[in-house]
Amino acid sequence: MVRRDGAAFFTASKLGALGVLAFPSSLKQSIVIFRTGSGRGLSENTPPSHQTRTGFRFAKAVDFRTFRGAVLPGGGTPLPAPKPTLMSSLDPATSLPDLVADAAAGLKNVFGVEATVTAAAPGRVNLIGEHIDYCDGFVLPFAIDRYIVMAATLNGTGEARIATALGGEPAVLPLNIPQPVTTPKWANYLRGVIQGFQDRGHHLPGFDAYIISSVPGGAGLSSSAALECCIATLLEGLVDTVLDTKEKALLCQKAEHDYALVPCGIMDQFASAFGKTNRLVLIDCQTGEPELVPFENPDLTVLIANTMVHHELSDGGYAARRKNTEDGLAATGKKSWRDATMADVETVWEQTGDPVNRRSRHVVGEIARTKTAAEALAKNDYEALGPLMAASHDSLRDDFEVSCKELDLMVEIARAIGRNGGVIGARMTGGGFGGSTVTLCESGKAEAIAATLSQQYEAATGIKPQIFASRPSQGAHLVQH
Ligand code: GLA
């Protein structure tokens, strides 16, 4: 649930809705379901099926105090609970201004200081182009309107002291020394980015900071990339510099490689750094150049369905897939997957053997599908995305083997709703092994589709999914004070 062994923060949904808190390493694999404003964990009411199916350990009643749905470290005065909203299957996002206000209030509550620099960075969802960013492929993600926000101010010391909305002791990071990989694990993302700034010769001033998030953790929506891009943007503000956006994204990717030990591609950090309102981020991963593609048709809605099933990329599955693709490419004798064809894969099919040959088939097929999808989008031919998304999911399930039964189920439910029910296309999104699906649908039918996804998924699994609509949103940025 806590992706890549690390930070995952959650800001709760409105009164009456259920929220999920993902804890950092100390409580790794624990999860608390709570009702905003109740101040008590609901684990007693949690069906046992949740526990067994997800592998999560549900905490006993947890003593915490709500703070617009998040948790106040060390106590503090909770803000008034938001007004109840009409029941909907769609989980509402806490607005960015609310997150910013909550981060400032958290900073004041923990450290007694006012925020002078605030940064925000979004998670991402990928429409198509999965597991090919490290194969010179094309990917088509966008920044979602769920953010990690850090509010900070200089503290006159040589240390960064960083608290989170999850509570617990603030992490204390001595600056301007080589950053170690250590505990708390969630802070390794921060250490990696701090190291990146040091490597570029920046002398970092001490600061106090408070982190709050509305990006679901462990859901395949890149909460870790959001955290990296958020601290990088915050540091830009604190040292009064502006990195080239591509350099910033690559610095964050390196932090992920070196400090979270996940050999990820460039998609997540590029989407979080380059995201723009109403634009998809089409990335040519061979040249490393992003292109912003308009996506503003109000008749289209992107539904994200978090299966609530554990997503952890640092446990080896991701690295193993990446290695498979390297072996597959070597067998074809090509320099880049961009030069390889399906005929090349078939020629060496026996030689590469299973599963490398199937991994290779996925890579070549997915690169072609993503190119076709981008061409279709350029012509506003959204219908063409349906079969491409379906083929992408099937390939990830059968050939790349990064799906799971819960993701397959969510996609099957969307498929059964079908085009007449308003569904254009559906597939798993992100690294896989759990996480979320993405469903492209007609806006007028999105609520009904979300309700069906939610009801049928919960009926079959006993797990309540988190479903929300998202539109392409602004990437990492400093918030004006
Ligand atoms: C994770 C990685 C990305 C990408 C996706 C799969 O999100 O961080 O670089 O490889 O998986 O498409």
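**View 1. The ligand and the residues around it.** Welcome to this predicted model, where 15 residues surround the ligand. The closest of them are Glu130, His131, Asp133, Asp268 and Tyr318. Sorted by class, the shell holds six charged, five nonpolar and four polar residues.

**View 2. Polar side chains beside ligand oxygen atoms.** Here we look at three side chains in turn. Aspartate 133 has a polar side-chain atom 2.5 Å from an oxygen atom of the ligand. For glutamate 130, an N or O atom of the side chain is 2.6 Å from a ligand oxygen atom. Tyrosine 318 also places a polar side-chain atom 2.6 Å from an oxygen atom of the ligand. The ligand taken alone exposes 300 Å², and the protein buries 100% of that area.

**View 3. An open sheet of six strands.** Follow the strands across this sheet and you meet them in the order S10-S9-S11-S8-S6-S18, with mixed pairing. Strand S10 (171-174) and strand S18 (477-479) each have a single partner strand, so one side of each lacks a neighbour in the sheet. From one strand to the next, the twist averages 30 degrees. Helix H2 (residues 96-111) packs on the sheet and touches strand S6 (117-126), strand S8 (141-154), S9, strand S11 (207-213) and S18. The direction of H2 makes about 135 degrees with that of S11.

**View 4. Strand S9 and its two partners.** As a reminder for this view, strands of a sheet pair through backbone hydrogen bonds, either parallel or antiparallel. Strand S9 (residues 159-164) runs antiparallel to S10, and four bridges join the two. Glutamate 159 stands opposite proline 174 in S10, while isoleucine 162 faces alanine 171 of that strand. S9 and S10 form a hairpin with six residues between them. In the turn of this hairpin, glycine 167 has a positive phi of about 85 degrees. S9 is also joined to S11, this time by five bridges in a parallel arrangement. Isoleucine 162 takes part here too, with alanine 209 as its bridge partner in S11.

**View 5. An open sheet of three strands.** This sheet has the order S7-S12-S13, and its pairing is antiparallel. Which strands stand at the edges? They are strand S7 (138-139) and strand S13 (289-294); each has a single partner strand, so one side of each is left without a neighbour in the sheet. Six bridges link strand S12 (residues 279-284) to S13. One pair to look for is isoleucine 283 with its bridge partner in S13, proline 290.

**View 6. Loops with backbone details to spot.** Three loops are worth a visit. Between S10 and helix H3 (188-199) lies a loop that contains proline 184. The peptide bond from threonine 183 to proline 184 is cis, with omega near -10 degrees. Another loop, between helix H9 (349-352) and helix H10 (356-378), holds proline 355. The peptide bond leading from aspartate 354 to proline 355 is cis, with omega near 10 degrees. Finally, aspartate 136 sits in the loop between S6 and S7. Although aspartate 136 is not a glycine, its phi is positive, at about 60 degrees.

Technical notes
Residues numbered from 1 in each chain as written. Predicted model: local features only at pLDDT ≥ 70, side-chain atom pairs only at ≥ 80, totals over all residues. Heavy atoms only, no water. Near = heavy atom within 4 Å. Polar contact = N/O pair within 3.5 Å; in protein donor to acceptor, adjacent residues only side chain to side chain. Areas by Shrake-Rupley, 256 points an atom, 1.4 Å probe, with all protein chains shown as cover. Nonpolar A, V, L, I, M, F, W, Y, C, P; charged D, E, K, R; others polar. Pairing = 2+ DSSP bridges. Axes fitted to C-alpha atoms, helices over the stretch in contact; angles between N-to-C directions. Contact = heavy atoms within 4.5 Å.
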